[in-house]
Amino acid sequence: MVKLICPLCSSTVEIPDDALDGELFEHDACGAQVEVYVEEGKKKLRLAEGISEDWGE
Amino acid sequence: MIVVKAGGRALLSNITGIANSIASRAKTLGGIVFVHGGGDLVSEYSSRLGIEPKFVTSPTGIRSRYTDLDELEVYVMVMCGKINKEVVSAINRFGANSVGISGIDGPTLLAERKKKIVIVDERGRKRVIEGGYTGQIVSVKTGLVSRLLEEGYVVVVAPVATGTEGEALNVDGDSAAAAIAVELRAERLLFLTDVEGVYYEDRLLGTLNPDQGLEIASKIGPGMNRKLMLAARAVKSGVASAIISNGTIPDPLSALDGSRGTLVR
């Protein structure tokens, strides 16, 4: 597991080692929906935007 | 007037039966709008052109085509060209007058492109990816369709919409049919599939009210859940009734009398 900082409550969030860019997690401690992104080769977290589902044919 | 939607599988196996069924009622139902699907055929033509079709699954289990720019081109060609014109020809062959349009024409279907979407990936984990060229319908302009209906034409609509930046977008055919039915205050919305109707706990469901429809939609498999949800929402929005029925039988529109399939009202 990788330990990252929650962008909402600043406490630690553990995410799997194999988490990919764009992957979403819920931070159990504060309930934040967080998105993994990669910057300069390092995984970081940001708050996930309100993103809807795909609806194509 | 009524709105009928047939998926690609029902169309491929029974285009003659569907076209004949529509043509024979073209003058008695106060107008027919027919929305077609055809995703499988788009996949086939994509493969022929060396473009592998991609599909994504949403967190609620809805599986959709993922449309990049290359696939959008094939989607528009197959939907607006091959399928739409084959349906129009088939209906005309049975003595009705029909016109084929897409949601771009008019414009009729206006959609919002999703720049980002959430999927469940192959590991079962939620992920944000670029949205591709799919859209969610935000409004329907009925001017063109109404004029054509007034002139006595059966209107055949391909599920392609105009985006906010003028781009063509792949929109779900079931959603397009439901949106058109609501906007035109259709008497009935008929979804033709390749099964008898909605099955729940191994039983074919008969008549449901919209609330029951929405509740059961959350408990059944991908594909049918969307149809049932849209049927229930359409009825809540003013469509008198919605039916999900078999499009592979000789006279699929015979379901309009409520004698077969699953009826929501």
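A salt bridge here is a side-chain nitrogen of Lys or Arg within 4 Å of a carboxyl oxygen of Asp or Glu. By that rule, a search of the whole structure, which is a predicted model, finds 20 salt bridges over all chains. The legends below visit some of them, along with a few backbone features.

**Figure 1. Chain A is built from strands.** Let us start with the partner chain A, which has five strands and zero helices. Read from the N terminus, its elements run β-β-β-β-β. Of its 57 residues, 40% count as buried. Chain A exposes about 3300 Å², and carbon and sulfur atoms supply 47% of that area. Take the contacts in chain A between residues at least 6 apart in sequence: 20% of these join residues at least 24 apart.

**Figure 2. Chain A and chain B meet at an interface that includes salt bridges.** This view shows where the two chains touch, with 18 residues from chain A and 34 residues from chain B taking part. About 2100 Å² is buried between chain A and chain B, and carbon and sulfur atoms give 48% of it. Six residue pairs are in polar contact between the chains, counting pairs with both residues at pLDDT 80 or more. On the side of chain A that touches chain B, the residues divide into six nonpolar, four polar and eight charged. How many salt bridges does the rule find across the interface of chain A and chain B? There are four.

**Figure 3. A:Glu23 reaches across to B:Arg125.** The side chains of A:Glu23 and B:Arg125 form a salt bridge, with N to O at 2.4 Å. Side chains of opposite charge can pair when their charged atoms come close.

**Figure 4. Helix α2 of chain B carries buried residues and a salt bridge.** The buried residues of α2(B) are B:Gly39, B:Leu41, B:Val42, B:Ser43 and B:Ser46. They pack against α1 (8–23), β3 (54–57), β4 (63–66) and α3 (69–93) of chain B. Also in this helix, B:Glu44 pairs with B:Arg48 in a salt bridge whose closest N and O atoms are 2.8 Å apart. Why are B:Glu44 and B:Arg48 separated by about one helical turn? Because they are four residues apart in helix α2 of chain B. An α-helix has 3.6 residues a turn, so residues three or four places apart point the same way. B:Glu44 is partly exposed at 36% relative accessibility, while B:Arg48, at 58%, counts as exposed. After the helix comes B:Gly50, with a positive phi near 80 degrees.

**Figure 5. B:Gly38 sits in the loop that leads into α2.** The loop in question lies between β2 (32–36) and α2 (39–48) of chain B. Is B:Gly38 buried or exposed? Its relative accessibility is 3%, and buried means under 20%, so B:Gly38 counts as buried. The C-alpha atoms of B:Gly38 and B:Leu12 are 8.4 Å apart, although 26 residues separate the two along the chain.

**Figure 6. Two more salt bridges involve helices of chain B.** In the first part of this view, B:Glu86 and B:Lys82 form a salt bridge with closest N and O atoms 2.7 Å apart. These partners are four residues apart in helix α3 of chain B, so about one helical turn separates them. B:Glu86 is partly exposed at 38% relative accessibility, and B:Lys82 is partly exposed at 30%. In the second part, the side chains of B:Lys227 and B:Asp174 meet in a salt bridge at 2.9 Å, N to O. That pair links distant parts of the chain, with B:Lys227 in helix α7 (residues 224–236) of chain B and B:Asp174 in helix α5 of chain B, 53 residues apart. B:Lys227 is buried at 14% relative accessibility, and B:Asp174 is buried at 4%.

**Figure 7. Loops of chain B hold some backbone features worth a look.** Most residues other than glycine have a negative phi, and most peptide bonds are trans. B:Gly106 and B:Pro107 are joined by a cis peptide bond, with omega about -5 degrees. B:Pro107 belongs to the loop between β5 (98–102) and β6 (109–113) of chain B. B:Arg185, not a glycine, has a positive phi of about 50 degrees, and it lies in the loop between α5 (173–183) and β13 (188–193) of chain B. B:Arg185 is exposed at 70% relative accessibility. B:Asp202 also has a positive phi, near 65 degrees, and is found in the loop between β14 (199–200) and β15 (203–204) of chain B. With a relative accessible area of 80%, B:Asp202 is exposed.

Conventions
Residues numbered from 1 in each chain as written. Chains lettered and ligands numbered in written order. Heavy atoms only, no water. Buried < 20%, exposed > 50% of the residue type's maximum accessible area, 1.4 Å probe, protein only. Contact = heavy atoms within 4.5 Å. Buried area = accessible area lost by both parts, 1.4 Å probe. Polar contact = N/O pair within 3.5 Å; in protein donor to acceptor, adjacent residues only side chain to side chain. Nonpolar A, V, L, I, M, F, W, Y, C, P; charged D, E, K, R; others polar. Areas by Shrake-Rupley, 256 points an atom, 1.4 Å probe, with all protein chains shown as cover.
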